[in-house]
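Reader: I'm at home with gels and columns, less so with models. Please take me through this one, feature by feature.

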Amino acid sequence: MVAAGIVYLLTFSLLYELKLDICTNNENACCDSAQDLSLEEQSAAMNMSDPECASLMKPIIVHFNLCNFTCIGKVHQPKDKRSTDFCSKVWEKCANASIMHSPFSVFEHLNHSLPSQSSPSKLMHHWPSKDAFCETYSRSLNGLGVCFHRKTGSLGIAEAPQAPIRVCLDKIGNGSYISMVPHPDGSNHIFLCNRQGKVWIATVPEDGSNGMLELDESKPFLDITDQVHFDDQFGFTGMAFHPNFVNNGRFFVSYNCDKERKPGCSGRCSCNSEVNCDPATLPVESGIEPCQYQTVVAEFTANSTASTPSLAEVASPLEVRRIFTMGLPDKGVHGGQILFGPADEFLYVMTGIGTHRGDPYNFAQNKRSLLGKILRIDVDKRLTGKEVHEQGLWGNYSIPRDNPYKNDTQLAPEIWALGLRNPWRCSFDSERPSYFLCGDAGQDQYEEIDMITKGGNYGWSIYEGPYTYKPSNATKGSTFSSSNSLIFPVMGYNHSEADKNIGSASITGGYFYRSQTDPCLYGRYLYIDLYPDGIWSGTENPENSRNFTSSKIPYRCAHDSPIHCESIAEDVVPAIGYVVSLGEDNKKDIHILTTTGVYRVTRSSRCNYHCPKEKIVASKPPPSPPVSLSAKLCESAKLFALLISSMMLLLLNLV
């Protein structure tokens, strides 16, 4: 055990310097001749014809084996230039090399393509690029750790929380809605919005009660269909209640309007000289003029219809104040969600790039453009018309003092984050308000989940997820950002992973699951695709590290769902239609809004699945995942190694 502890400490020191060869070739030998021979045999068994690649594989073999020390555990290697250069060199020399018994097979498994050990494997068969390979390699070592099992000689993942096998759904409504918002009074009421411009109050049934959503379609809470322009691309897009709604009755909606039909719809065009865009150069699509369609954020009130706002069953359709109006360049992706920050109480507005292919006018990276951004504005401080004009604002709002424009004078003052293509559904973690995650819909290759931070640049259209992107129709803008400052996704998937039959994808951002209904999902970030052949589950490991791994997990409908779920195959895959949005109610249950109805994540047992934590009292937080015997041994070994090293230092000081 003393030797094992020294091995553990010395090996990491050597690995960091990238000097490892087969063990006994190091001046700091860490294993005996028999163990060294075993490593040499593993190297020879790889049967590599390329000597340069074979040389690079030797330190990797030692790293994975650690001279038979049982477990690496949760490794956190420094992400400095040396480790980056080493990974790049491995890809350069080994991407096309045939490798028998590849030491990367465990990572290929994480990449959903475990090779046969009886046939050669190539890195390029499992990763499309160097960046993708290095991201997986680094994420796997840093996030999960790797265990070497001494008796079997096989690699495995080190004690990472295992994703649930399946998710159980309960169909509780048949309507199709674009957005869902919990009632600010904390009750079991929710607001459901359709794309045409109507909003209803609905009552959510208790889980397992065999109840359905209760709402009266003839009595909407709000009806602004006469203001909303609705077609395949446009309509009602979002709703947010003021943090003090229960006292002031204020709420806000976002929607699209047509200035040719509604004179009050008119706003400034997002294509203008300030962002190096000439509206005269924009194409006229199907007779639609550039900036004919607008994105609007408006304030409404529920004050005059009940004794208190919380009891209001209907709101006035007359807007109180126009907060924001911006003309869109054409019928492309344009976002539209709005929500209040739980910690700062400012309004966040998500905007897409407003174009179909690429980003030809560089809107997302242009620091003066409000397209392809997350905006942050103060709706409590009202301005006069003169003040709005003098400050060059897009409506009646003010700028929070701590917006990032003060650190970057080129940045438009409304911008909180930039470099997004089409942010579709964002949320703050209800337990950690600093965790602000957005789904950003990709174009051809990758769908991403981004963790939004102040002033963050998320790469579009320099990158699409982890892949470089070079649009063929791009015009050079004046404010391209350095790729060194870009922030890459914390989760995501390639289009081929979403639905292999369709070959396309469009992500819908989700929520951290904080309900006790299915305690086995607690703490995971759930998100989904427009074509839902699975639900994606993201796990942070270790907690609060902002280091995530994710996997797609299957789902089905509960056998006792109050509304029957149509199935694709033997009641295994429910035909839930296209996913439009996700929603969270006041009990933190997550709902999936689709073209066929409303589905709620319910108890595993209702699908005859087993969740060992399901009987835990709801008022208590779920316990940590059970620790296996191997994990206990691994932790004990590491503690023992630390103890031995401390004793050795003490002895040296006494000599």
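Author: Let's start with accessibility: a residue is buried if its relative accessible area is under 20%, exposed if it is over 50%, and partly exposed in between (1.4 Å probe, protein chains only). Before we use that, know that this is a predicted model, in which local features need pLDDT of at least 70, side-chain atom pairs count only at pLDDT 80 or more, and totals for chains, interfaces and linings use all residues. Residues are numbered from 1 along each chain as its sequence is written, and side-chain values use heavy atoms, with hydrogens and water left out.

Reader: OK, try me. Is Lys615 buried or exposed?

Author: Lys615 has 85% relative accessibility, so it counts as exposed. You'll find Lys615 in the loop between strand E32 (598-601) and helix H10 (629-654). Those labels are DSSP runs numbered from the N terminus: helices (H or I) have at least four residues, strands (E) at least two. Sequence distance can fool you here, too: Lys615 and Asp518 are 97 residues apart along the chain, but 9.7 Å apart in space, C-alpha to C-alpha.

Reader: Now a strand. How many residues of E24 are buried?

Author: Five of the five, residues 525-529, so strand E24 is largely enclosed by the rest of the structure. The general idea is that side chains in a regular strand alternate between the two faces of the sheet. In E24, Tyr525, Tyr527 and Asp529 are on one side, Leu526 and Ile528 are on the other, and all are buried.

Reader: Which strands sit beside it?

Author: Strands pair when DSSP finds at least two bridges between them. E24 pairs with strand E23 (residues 507-512) in the antiparallel sense, over four bridges, and Leu526 is the bridge partner of Tyr511. Strand E25 (residues 535-540) also runs antiparallel to E24, again with four bridges. There, Ile528 stands opposite Ile535, and a hairpin of five residues connects E24 to E25. E25 also holds Thr539, whose 12% relative accessibility means that Thr539 counts as buried.

Reader: What does the side chain of Thr539 contact?

Author: The side chain of Arg524, through a polar contact of 2.8 Å. A polar contact is a pair of N or O atoms within 3.5 Å; within protein, one must be able to donate a hydrogen and the other to accept it, and residues adjacent in sequence count only if both atoms are side-chain atoms.

Reader: And the aromatic rings? How many pairs are there in the whole structure?

Author: A search finds 27 aromatic pairs. Rings of Phe, Tyr and Trp (its six-membered ring) pair if their centres lie within 6.5 Å; planes under 30 degrees apart are stacked, over 60 edge-to-face, and the rest tilted. Phe191 and Phe241 make a tilted pair, 4.6 Å centre to centre with 45° between the planes. Phe191 is in strand E5 (residues 189-193) and Phe241 in strand E8 (residues 236-241), so the pair links parts of the chain 50 residues apart. Phe191 and Phe241 are both buried. For a cluster, look at Tyr435, Tyr493, Phe512, Tyr525, Tyr527, Trp536 and Phe548, which ring pairs link together.

Reader: Which residue has its charged end over the ring of Tyr435?

Author: Arg432, at 3.8 Å from the ring centre. The rule is that NZ of Lys or CZ of Arg lies within 6 Å of the ring centre and within 35 degrees of the ring normal. Arg432 also lies over the face of Phe512, 5.0 Å from that ring centre. On top of that, Arg432 forms a salt bridge with Asp429, with 2.9 Å between the closest N and O atoms.

Reader: What makes a salt bridge?

Author: Side chains of opposite charge can pair when their charged atoms come close. Here the cut-off is a side-chain nitrogen of Lys or Arg within 4 Å of a carboxyl oxygen of Asp or Glu. By this rule the count is 28. One of them joins Arg606 and Asp170 at 3.0 Å, N to O. Arg606 is in the loop between E32 and H10, while Asp170 is in strand E3 (residues 167-173), so this pair ties together parts 436 residues apart in sequence. Both residues, Arg606 and Asp170, are buried.

Reader: How far is Asp440 from the nearest side chain of opposite charge?

Author: That's Arg421, 6.5 Å away, and Asp440 is buried without a salt bridge. For charge, Lys and Arg count as positive, Asp and Glu as negative, with His and the chain ends not counted. The Asp440 side chain does reach the backbone nitrogen of Asn422, at 2.7 Å.
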